[in-house]
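Please look over the sequence and the model shown below before reading on. The report that follows is meant for a reader who meets this structure without earlier knowledge of it.

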Amino acid sequence: MFESNAYVPSVIVLKSVTFTQPLVVTLPSAYADFEMEMWNADGTRGEMCGNGIRCFGDFVYRNKIVEKETMTVETKSGIKTIEITVENGEPILFKVNMGKSTFKVPQIPMIADSEEFVDGDLDVIDTTFKATCVNVGNPHAILFVDDVDAIDIDKYGPAIECHEVFPEK
């Protein structure tokens, strides 16, 4: 466990990881085979990462930390089950039931005047984007744009991540 979340960005910078949820920590769990903590590049703890939990499953299986084809993992968004498909002694597929997705604003969580935020206007800095927000085990904001190459991700990405309509970063 980290003494401070300030440690996380320094680890990421040292390892030159470019990933939105770059650090996954394996811990013992009283409720599952393991606990997975996922840390964002800015040092905050994230709820869950679909790709991260599959990579986590691959790591613990290949390193014989868990030697079974179904394992449970405690995450900030609840207990998740990883099912591993093995062919000829090699794991080829890591499947995770992420739970039921929802567009309901309180369950994302998000602050909005509507019950769901689907194809809504999201004002970010100097631009209004069409966005749909959904929770698939962790919150996602999906933007619809005409030309993805014309969007300054470095400018708008952090502004969306820390936007006032998302009370939990």
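What follows is a description of the nonpolar cores, a helix, a hairpin and several single residues, all taken from a predicted model.

**The nonpolar cores**

The largest nonpolar core has 17 residues, and those with the most contacts inside it are M36, I53, F56, M71, V73, I82 and I84. Two or more residues are given to this core by each of the elements β2 (34-39), α2 (50-62), β4 (70-75), β5 (78-87) and β6 (90-96). The largest share, 4 residues, comes from α2. V73 illustrates how such a core residue is surrounded: leaving aside residues up to four places away in sequence, V73 touches A32, F34, E35, M36, I53, F56, G78, I79, K80 and I82. Apart from this core lies another one, of 13 residues, among them M110, A131, C133 and Y156.

I79, one of the residues touched by V73, is found in strand β5. Is I79 buried, partly exposed or exposed? Its relative accessibility is 42%, and I79 therefore counts as partly exposed, the class between the limits of 20% and 50%. Not counting residues up to four places away in sequence, I79 touches Y31, A32, T72, V73 and E74. The C-alpha atoms of I79 and F34 are separated by 9.6 Å, while the two residues are 45 residues apart along the chain.

**Helix α2**

The length of α2 can be checked against expectation: at 1.5 Å a residue, its 13 residues should span 18 Å, and the end C-alpha atoms are 19 Å apart, which agrees. Within this helix, G50, G52, I53, F56, G57, V60 and Y61 are buried. On which side of α2 do these buried residues lie? They cover an arc of only 160° around the axis, and so they are placed on the same side of α2. As a general point, an α-helix has 3.6 residues a turn, so residues three or four places apart point the same way.

Just after α2 comes K64, which takes a positive phi of about 60°. K64 lies in the loop between α2 and β4, and with a relative accessible area of 57% it is exposed. A further residue with a positive phi, although it is not a glycine, is N88, for which the angle is about 55°. N88 lies in the loop between β5 and β6, and its relative accessible area of 83% makes N88 exposed.

**The β8-β9 hairpin and residues of β8**

Strand β8 (residues 127-135) and strand β9 (residues 139-144) pair in the antiparallel sense over 6 bridges. The two strands form a hairpin with 3 residues between them, and G137 in the turn has a positive phi of about 110°. Across the pairing, K130 stands opposite F144 in β9.

T128 is found in strand β8, where it is partly exposed, with a relative accessible area of 46%. Not counting residues up to four places away in sequence, T128 touches D121, L122 and D123. With the side chain of D123, the side chain of T128 makes a polar contact at 2.4 Å.

N135 also has its place in strand β8, but at 9% relative accessibility N135 counts as buried, because this value is under 20%. Which residues does N135 touch, not counting residues up to four places away in sequence? These are K100, S101, T102, Q107 and I108. The polar contacts made by the side chains of N135 and T128 are set out below.

| Side chain | Partner | Distance |
|---|---|---|
| N135 | backbone oxygen of Q107 | 3.0 Å |
| N135 | backbone oxygen of I108 | 3.0 Å |
| T128 | side chain of D123 | 2.4 Å |

I108, whose backbone oxygen is reached by the side chain of N135, also takes part in an unusual link to its neighbour in the chain, for a cis peptide bond joins I108 and P109, with omega about -15°. P109 lies in the loop between β6 and β7 (120-124).

Note on methods:
Residues are numbered from 1 along each chain as its sequence is written. This is a predicted model: local features need pLDDT of at least 70, side-chain atom pairs count only at pLDDT 80 or more; totals for chains, interfaces and linings use all residues. Side-chain values use heavy atoms; hydrogens and water are left out. Two strands pair if DSSP finds at least two bridges between them. A nonpolar core is a set of buried Ala, Val, Leu, Ile, Met, Phe, Trp, Tyr and Cys residues joined through side-chain atoms within 4.5 Å. Buried means under 20% relative accessible area, exposed over 50%, partly exposed in between (1.4 Å probe, protein chains only). Contact means heavy atoms within 4.5 Å. The expected span of a helix is 1.5 Å times one less than its number of residues. The arc is that of the directions from the helix axis to the C-beta atoms. A polar contact is a pair of N or O atoms within 3.5 Å; within protein, one must be able to donate a hydrogen and the other to accept it, and residues adjacent in sequence count only if both atoms are side-chain atoms.
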